[in-house]
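Let's take a look at the aromatic rings in this protein and see who sits next to whom. Have the sequence and the 3D view handy as you read.

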Amino acid sequence: MNEAAAMNSDYRMKKPPEKENVPSFAMAYVPYQQFGEIFSLSEAISKGTIFPELYKPFQKGACRNYE
């Protein structure tokens, strides 16, 4: 058995960690998207999406005014 196969075998032999010992880092919420209006091909390429609902342009300094 070569070294890579031995390492792979060792990995498969180990039990997965217990569920209560694994921290939860994030929980995703992904709502269903309704298919509706879409951008034209040239506009979609320039904006990076075909869906107007997903177009969120970057606004420099927008996060600074949280007082």
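## Aromatic rings and their neighbours

In this predicted model, the count comes to 2 aromatic pairs. Start with Phe35 and Phe51: their rings meet edge-to-face, 6.0 Å centre to centre, with 85 degrees between the planes. Phe35 lies in the loop between helix 1 and helix 2 while Phe51 is in the segment after helix 2, so this pair ties together parts that are 16 residues apart in sequence.

Are these two rings buried or exposed? Phe35 is exposed, because its relative accessible area is 66% and exposed means over 50%. Phe51, at 18%, counts as buried, since the cut-off for that is under 20%.

Now for the other pair. The ring centres of Phe39 and Tyr55 are 6.3 Å apart and the planes sit at 85 degrees, so this one is edge-to-face too. It also links distant parts of the chain: Phe39 is in the loop between helix 1 and helix 2, and Tyr55 is in the segment after helix 2, 16 residues apart.

Here is how accessible the four rings' residues are:

| Residue | Relative accessible area | Class |
|---|---|---|
| Phe35 | 66% | exposed |
| Phe51 | 18% | buried |
| Phe39 | 13% | buried |
| Tyr55 | 30% | partly exposed |

Tyr55 has another neighbour: the charged end of Lys47 sits over its ring, 4.6 Å from the centre.

Back to Phe35 for a moment. Together with Ile38 and Ile50, Phe35 makes a nonpolar surface patch of about 310 Å². The loop that holds Phe35 runs between helix 1 (3-13) and helix 2 (41-47).

Notes. Residues numbered from 1 in each chain as written. Predicted model: local features only at pLDDT ≥ 70, side-chain atom pairs only at ≥ 80, totals over all residues. Heavy atoms only, no water. Patch = residues over 30% accessible without salt bridge, like charges linked within 9 Å, V, L, I, M, F, W, Y side chains within 5 Å. Areas by Shrake-Rupley, 256 points an atom, 1.4 Å probe, with all protein chains shown as cover. Salt bridge = Lys/Arg side-chain N within 4 Å of Asp/Glu carboxyl O. Helix = DSSP H or I, 4+ residues; strand = E, 2+ residues; numbered from the N terminus. Phe/Tyr/Trp six-rings, centres within 6.5 Å; stacked < 30°, edge-to-face > 60°. Buried < 20%, exposed > 50% of the residue type's maximum accessible area, 1.4 Å probe, protein only. Lys NZ or Arg CZ within 6 Å of the ring centre and 35° of its normal.
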